[in-house]
Amino acid sequence: MRRDLLLAFRRPGEWLQPLAFFALVTTLFPLAMDPEAAVLRRLAPAALWVSLLLASLLALDFLFREDGRDGTLEQYAVSGQSFTALLLAKTATHWLLTGMPLALAGPLAAVSLGAPPSAMPGVFFALLLGSVSLSLIGSIGAGLTLGLRRGGALLSLLVLPLVMPVLVFGARATANAIAGDDAAGALYLLAASGVLALTLAPLAAAAAVRISLE
Amino acid sequence: MGSSPAVRTNLTLHSTPSADARLEVLNLHLWRGDRHLLRGLHFAMEPGDALQLLWPNGAGKTSLLRCIAGFLHAEEGTIRWRGVPVDADPDAFHWEMAYLGHETALKADLTAAENLRFACALRHGAEEAAMRIALQTVGLAQLDPMQPARSLSAGQRRRLSLARLSLWNARLWLLDEPAANLDAAGQEVLAELLRHHLASGGMAILATHASLAVDSGRWKTWGAPAESAA
Amino acid sequence: MNWVWFHRFGSPPYFYRFAGRWAPWFLGIACVLLVVGLYGGLVMAPVDYFQSDAYRIIYVHVPSAYLSLMTYTYMALAAAVGLIWRIKICHAIASACAPAGAGFTVVSLATGMIWGQPTWGTWWAWDPRIVSQLFVLFFFLGYISLRGAIEDRDRADRASAVLAIVGVINVPIVHYSVEWWNSLHQGPSLMRADGPTMPMSMAWPLLVMIGAYTFYFLAIMLMRARAEVLRRERGGAWLREELARAGAVS
């Protein structure tokens, strides 16, 4: 049931936008402040995660939008298949196309902000796990704001408070990785929150979308 | 029509016996916001029945269809399929039901064939041959296979969704304005599909503006919301 | 549990009359408690060794912080009941809780800032408890915004209910955040298993104030919910009778 991938290849513009946005925002940080190496390095985790969040919010906007508008989501709801599973598949595909590239780009951005290359695996895993949680929790927000006129802004307002723990853990993990400390503890916490999100978020998202389909 | 036998082949794939397939709507009350749209609606449908709701706009025909389909929750009343309340096992009910709403649920970037394949994979797979026959039945066989659905006209898209309908082996059809955007030939296609569906033990509820002239099955037409059929 | 009572509550006319009768009483009790608590806290309680008189703002700050969390919990509870059992009154109650809860959170943050200035030397600090309170505020605002953004009332009810339930995870985080992270806030001194560490003379006005705030909240919530019921049941026959009766009496 991953035909969304095919769809995505037909419309590359949409999926490249968040990536470009991410790159842009991470570049903004050193431009906006004193590009001294030590300072930049300390700023890097925050910059990376804020950029990840903003780019993900941008991407989440169109997670369900098209399918909601052309009636595909309706058909999913009455297809006799598990609605939760279908939505999870959609979210997973969406993540592969948005979250994953961001996680891949992250280490590169980190290095550009002064992080040592040895930090790259740590940064990558932190962003990877974090983006999974972000996509899952964001799908709830996307479901709730489906079809609303200024849904994008509202989506941000709703999702950001919910992903606060992810931000905290992720930033800590990234900071540890860049400083050379052991990031395992924070990474485990990130993974744990990801698992929690995986178990609870799809149910909430399915409920949210059903309500929006009424 | 030359392709009638082929259509019949598709539709006789009903795997479950039609003996006890029955839709019962008992004492349905539905509110939308403050409006009491459906008051104590009460009817039953057997295989071969068709019900046409010829209600004015805003009287609740879309809401009724969506309520039966499971999108809306009725404040009072029960809907039973094969004697079991739909709420108890919605997935089993949905498996045997097909809903055609206002939107066509077609992806603009995929071709017609891909759309069909995708839609059928949602239920149970479909073979290439069956898909080609379905396209032929609705008169879309001569389309350029590489053409995305975006470039089809509204009428062609509606025909495509009808093709999808014929490929799903659903016993109960809930059709909301199925004749929208269809020219006379398209309406004939729709009528033909309905005729075969009803003849092979299916049921259909349609919400329409203008009455469709289909001379098959037990065809009931309701003109006002407050009626209950015997 | 007496389910009959529960179901009676769910009927709008009953709730309307109940709320109308009890809200003024609750408000009255709240005022009395407020006066008692304030007097006790501002005048009678002894001066604190470390913080002298500035600590007295605790009598406004702590109850409002406590209430903001409690309000959110009530809201989430009402939303959950409304969502699962489809009782429309619960959604009216939940929507009534939100503005009050947001107000409490704002008061708690503001008084916290005012307290922080003389004691810690700063208006603001990125302390986990403060930040979590801020997020509770965002949740309330998000709830209110979502409600406002959806035109169909039933969909607004149910969508914001889902939001409230999902956000309820934040409440225990705030409550326990003080224990998990090192923070500027003192550890819990009231709700501890081995009894309060605060001397009773300081503690009782605090409890009274908490009571005052609770009754105030209940009164406000009932009044708002009542107004919401009015709005929703505009065409109901029972409402017309009710208003006619009220008109005949006054």
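**Helix packing and nonpolar cores in a predicted model**

In this predicted model, α8(A) and α9(A) cross in a right-handed sense. The first of these helices, α8, spans residues 120-144 of chain A, and its partner α9 covers residues 151-162. Their axes lie 9 Å apart, at an angle of about 145 degrees. On the α8(A) side, the contact is built from I137(A), G138(A), G141(A) and A142(A), while α9(A) brings in L155(A), V159(A) and L162(A). Sorted by class, that makes 5 nonpolar and 2 polar residues, with no charged ones in the contact.

Chain B offers another helix pair. Here α6 (residues 154-167) packs with α7 (residues 184-199) at an angle of about 10 degrees, the axes being 11 Å apart. Since angles under 35 degrees count as roughly parallel, α6(B) is therefore roughly parallel to α7(B). From α6(B) come R159(B), L162(B) and S166(B), and these meet A185(B), G186(B), V189(B), L190(B) and L193(B) of α7(B). The contact between α6(B) and α7(B) has 5 nonpolar residues, 2 polar ones and 1 charged.

As for the nonpolar cores, the largest takes in 159 residues, and L23(B), I68(B) and I205(B) have the most contacts inside it. Leaving aside residues up to four places away in sequence, I68(B) touches L23(B) and I205(B), along with V25(B), F43(B), I79(B), F93(B) and L174(B). There is also a second core, separate from the largest one, with 36 residues; C120(B), A134(B), A179(B) and L194(B) are among them.

Definitions and conventions
Residues are numbered from 1 along each chain as its sequence is written. Chains are lettered from A and ligands numbered from 1 in the order in which they are written. This is a predicted model: local features need pLDDT of at least 70, side-chain atom pairs count only at pLDDT 80 or more; totals for chains, interfaces and linings use all residues. Side-chain values use heavy atoms; hydrogens and water are left out. A nonpolar core is a set of buried Ala, Val, Leu, Ile, Met, Phe, Trp, Tyr and Cys residues joined through side-chain atoms within 4.5 Å. Buried means under 20% relative accessible area, exposed over 50%, partly exposed in between (1.4 Å probe, protein chains only). Contact means heavy atoms within 4.5 Å. Axes are lines fitted to C-alpha atoms, for helices over the stretch in contact, and angles run from 0 to 180 degrees between N-to-C directions. Helices (H or I, at least four residues) and strands (E, at least two) are DSSP runs, numbered from the N terminus. A crossing is left-handed if the near helix is turned anticlockwise from the far one by less than a right angle, and right-handed if clockwise. Ala, Val, Leu, Ile, Met, Phe, Trp, Tyr, Cys and Pro count as nonpolar, Asp, Glu, Lys and Arg as charged, and the others, Gly among them, as polar. Angles under 35 degrees count as roughly parallel, over 145 as roughly antiparallel, 65 to 115 as roughly perpendicular and the rest as oblique.
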